[in-house]
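Subject: Structure handover

Hello,

Here is the structure you will be taking over. My notes on what was found in it follow below.

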Amino acid sequence: MSASVGQLFKPGDTVDASGIYTVIHDHNHHQPHDVTCVYGKTFPPCRGCGRGVEFRAKYLAEHISNNSQF
């Protein structure tokens with residue numbers, strides 16, 4: 001995993017580590033909330049505030065499909 005807890009990401013960035021991310025919207029468009037993001041996917045823009053959204057890594061975990069035990 002190259003991402004670290006607390007690190008911020010923008011729309012268009014690649015998800016470096018699966019886990020729970022807190023979404024922080026621009027201009028009080030929406031209250032912060034948590035989402036699950038999966039390794040290798042792209043952080044999306046918000047439908048309301050577009051690219052004015054950030055994703056802060058909260059809890060990182062290896063996706064089960066990437067674990068050799070499963």
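To begin with a detail: with which side chain does the side chain of T22 make a polar contact? The partner is the side chain of D34, at 2.8 Å. Please keep in mind throughout that this is a predicted model.

Overall layout

The chain contains four strands and zero helices, so its pattern along the sequence, by the DSSP runs used here, reads β-β-β-β. Along the principal axes, the C-alpha atoms fill a box of roughly 45 × 20 × 15 Å. There are 70 residues in the chain, and buried ones make up 27% of them. Taking contacts between residues at least 6 apart in sequence, 62% join residues that are at least 24 apart.

Strand 2: T22 and V23

T22 sits in strand 2. Is T22 buried or exposed? T22 counts as buried because its relative accessibility is 17%, and the cut-off for buried is under 20%. Apart from neighbours within four places in sequence, T22 is in contact with P32, H33, D34, E54, F55, R56 and K58. D34, the polar partner mentioned above, is thus also on the contact list of T22.

V23 belongs to strand 2 as well. With a relative accessibility of 4%, V23 counts as buried. Outside the four places on either side in sequence, V23 touches P32, H33, V35, V53, E54 and F55. For a sense of distance, V23 and V38 lie 15 residues apart in sequence, and their C-alpha atoms are 14 Å apart in space.

The nonpolar core

The largest nonpolar core has 14 residues. Which of them touch the most other members? They are A3, F9, Y21, F43, V53, F55 and L60. Strand 2 (19–24) and strand 4 (54–60) each supply at least two residues of this core. The largest share, three residues, comes from strand 4.

F55 is one of the residues that touch the most other core members. Leaving out residues up to four places away in sequence, F55 touches Q7, L8, F9, P11, Y21, T22, V23, F43 and P44. That list includes both T22 and V23, the two strand 2 residues described above.

The largest pocket

How much space lies in the largest pocket? The figure is about 160 Å³. The pocket is lined by 16 residues, and those closest to its centre are V23, V35, C37, P44 and F55. V23 and F55 therefore appear here too, and V23 is buried at 4% relative accessibility. Strand 3 (residues 33–37) gives the largest share of the lining, four residues. By type, the lining divides into eleven nonpolar residues, four polar and one charged.

Loop residues

Three residues in loops are also worth listing.

- S18 is in the loop between strand 1 (8–9) and strand 2. Its relative accessibility is 7%, so S18 counts as buried. A polar atom of the S18 side chain lies 2.8 Å from the backbone nitrogen of Y39. Setting aside residues up to four places away in sequence, S18 touches C37, V38, Y39, Y59, L60, A61 and H63.

- G50 is in the loop between strand 3 and strand 4. G50 counts as partly exposed because its relative accessibility is 23%. Beyond its neighbours within four places in sequence, G50 is in contact with P11 and P45. The C-alpha atoms of G50 and H25 are separated by 9.1 Å, and the two residues are 25 apart along the chain.

- G52 is in the loop between strand 3 and strand 4. At 24% relative accessibility, G52 counts as partly exposed. Its contacts, leaving aside neighbours within four places in sequence, are I24, H25 and D26. G52 and G12 are 40 residues apart in sequence and 12 Å apart from C-alpha to C-alpha.

If you want a place to start, open the view at F55: it is in the list of core residues that touch the most other members, and it is among the residues closest to the centre of the largest pocket.

Regards

How values were computed: Residues are numbered from 1 along each chain as its sequence is written. This is a predicted model: local features need pLDDT of at least 70, side-chain atom pairs count only at pLDDT 80 or more; totals for chains, interfaces and linings use all residues. Side-chain values use heavy atoms; hydrogens and water are left out. On a 1 Å grid over the protein atoms alone, a cavity is a set of points where a 1.4 Å probe fits but cannot get out, and a pocket is an open set with protein on both sides within 12 Å along at least five of seven lines; lining residues have an atom within 4 Å of a point. Grid points are joined across faces, edges and corners, and a volume is the space filled by probe spheres set on the points. Ala, Val, Leu, Ile, Met, Phe, Trp, Tyr, Cys and Pro count as nonpolar, Asp, Glu, Lys and Arg as charged, and the others, Gly among them, as polar. A nonpolar core is a set of buried Ala, Val, Leu, Ile, Met, Phe, Trp, Tyr and Cys residues joined through side-chain atoms within 4.5 Å. Buried means under 20% relative accessible area, exposed over 50%, partly exposed in between (1.4 Å probe, protein chains only). Contact means heavy atoms within 4.5 Å. A polar contact is a pair of N or O atoms within 3.5 Å; within protein, one must be able to donate a hydrogen and the other to accept it, and residues adjacent in sequence count only if both atoms are side-chain atoms.
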